[in-house]
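Trainee: I would like to learn how to read pockets, cores and salt bridges from a set of coordinates. Could you take me through one case?

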Amino acid sequence: LGGGMPQRAVEAAKVFARGHAPEVWCSRPDSPADDLARLGIHYVGEEDYNRQILMHGGVPESAIHVLPGPVVNTEEELQELGREMRRNGKTTVILVTSPQHTRRVGTLWQKLVGKEPRALVHGAHEDPFDPDHWWRNTRDVLSVLRETLGLANAWAGLPVPPPSKP
């Protein structure tokens, strides 16, 4: 899943290297690329950096696929991935995310995509989140709060929608 750069892509390369996945799919986060292009500024998206990280980790370029549609958040990302998996006849995915996101990601997959295709959720080992001492810094505290609110929203049937694209 997008975000958590470079840890998630590094972990995805390790999953690939262990033979657990024949290919790696990356999301395409919504970006200011079009707005910047109008100003004559080239924007390199997160998916491009993730591709480079994956190749640096030994994943051949032919095994890297970028999802076609831009996504704003995890919900859209999982829906886009579910659609592409069905379109390509894929049955199982290993969702690499940050450790603190694993429960919410699994819950959202079940709510948004269902049981098929099947998803295994895997936390990136190099992520800086400290689950044993999360209350000691604002980054980890905010992450726990975000995950708690995100889980509550998912359990309630997703009544709070993601922000709309401009």
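The dialogue below goes through pockets, then cores, then salt bridges, then single residues.

Mentor: One point before we start. This is a predicted model.

Trainee: Let us begin with pockets. How much space lies in the largest pocket?

Mentor: Read the volume, then the lining. The largest pocket holds about 580 Å³ of space. Its lining has 28 residues. Nearest the centre are Glu23, Val24, Trp25, Val93 and Ile94.

Trainee: Which elements give two or more residues to that lining?

Mentor: Helix 1 (7-17), strand 1 (24-29), helix 3 (46-56), helix 4 (74-87) and strand 3 (92-97) do.

Trainee: And by class, what is in the lining of the largest pocket?

Mentor: Here 18 of the residues are nonpolar, six are polar and four are charged.

Trainee: What volume does the second largest pocket have?

Mentor: About 350 Å³. It is lined by 24 residues. Gly2, Gly3, Arg8, Thr74 and Glu77 lie nearest its centre. Helix 1, strand 1, helix 4 and helix 5 (102-112) each supply at least two lining residues.

Trainee: How many residues of each class line the second largest pocket?

Mentor: There are six nonpolar, 11 polar and seven charged residues. Put that beside the 18 nonpolar, six polar and four charged residues that line the largest pocket.

Trainee: Now the cores. What is the general idea?

Mentor: In soluble globular proteins, nonpolar side chains tend to be buried together. Now the case at hand. The largest nonpolar core has 14 residues. Ala12, Phe16, Val24, Leu54, Val59 and Ile64 touch the most other members.

Trainee: Which elements give two or more residues to this core?

Mentor: Helix 1, strand 1 and helix 3. The largest share, five residues, comes from helix 1.

Trainee: Take one member. Which residues are in contact with leucine 54, leaving aside neighbours within four places in sequence?

Mentor: The list is Ala9, Ala12, Ala13, Val24, Cys26, Val59 and Ile64. Apart from this core lies another, of 13 residues. Its members include Val93, Leu108, Ala119 and Ala154.

Trainee: On to charges. How many salt bridges does a search of the whole structure find?

Mentor: Nine. For each pair, read the N to O distance, the sequence separation and the exposure. Start with glutamate 23 and lysine 90. Their closest N and O atoms are 2.9 Å apart.

Trainee: Where do glutamate 23 and lysine 90 sit in the chain?

Mentor: Glutamate 23 is in the loop between helix 1 and strand 1, and lysine 90 is in the loop between helix 4 and strand 3. They are 67 residues apart, so the pair links distant parts of the chain.

Trainee: Why does glutamate 23 count as partly exposed?

Mentor: Because its relative accessibility is 22%, and partly exposed lies between 20% and 50%. Lysine 90 is also partly exposed, at 32%.

Trainee: What about a pair inside one helix?

Mentor: Look at arginine 38 and aspartate 35. Their side chains meet in a salt bridge of 2.2 Å, N to O. Both lie in helix 2 (residues 33-38), three residues apart, about one turn of the helix. Arginine 38 is exposed, at 64% relative accessibility. Aspartate 35 is partly exposed, at 47%.

Trainee: And which N to O distance goes with glutamate 84 and arginine 87?

Mentor: Their salt bridge is 2.2 Å, N to O. They are about one helical turn apart, because three residues separate their positions in helix 4.

Trainee: Is glutamate 84 buried or exposed?

Mentor: Buried, at 10% relative accessibility. Arginine 87, by contrast, is exposed, with a relative accessible area of 57%.

Trainee: Last, single residues. Where does threonine 107 lie?

Mentor: In helix 5. Threonine 107 counts as buried because its relative accessibility is 17%. Leaving aside neighbours within four places in sequence, it is in contact with Leu151, Ala154 and Trp155.

Trainee: And where is the place of alanine 156?

Mentor: In the segment after helix 6 (138-155). Alanine 156 is exposed, with a relative accessible area of 56%. Compare sequence and space, too. Alanine 156 and glutamate 126 are 30 residues apart in sequence and 32 Å apart in space, C-alpha to C-alpha.

Key:
Residues numbered from 1 in each chain as written. Predicted model: local features only at pLDDT ≥ 70, side-chain atom pairs only at ≥ 80, totals over all residues. Heavy atoms only, no water. 1 Å grid on protein atoms, 1.4 Å probe; cavity = no way out; pocket = protein on both sides within 12 Å on 5 of 7 lines; lining within 4 Å. Points joined across faces, edges and corners; volume = space filled by probe spheres on them. Helix = DSSP H or I, 4+ residues; strand = E, 2+ residues; numbered from the N terminus. Nonpolar A, V, L, I, M, F, W, Y, C, P; charged D, E, K, R; others polar. Core = buried A, V, L, I, M, F, W, Y, C linked by side-chain atoms within 4.5 Å. Buried < 20%, exposed > 50% of the residue type's maximum accessible area, 1.4 Å probe, protein only. Contact = heavy atoms within 4.5 Å. Salt bridge = Lys/Arg side-chain N within 4 Å of Asp/Glu carboxyl O.
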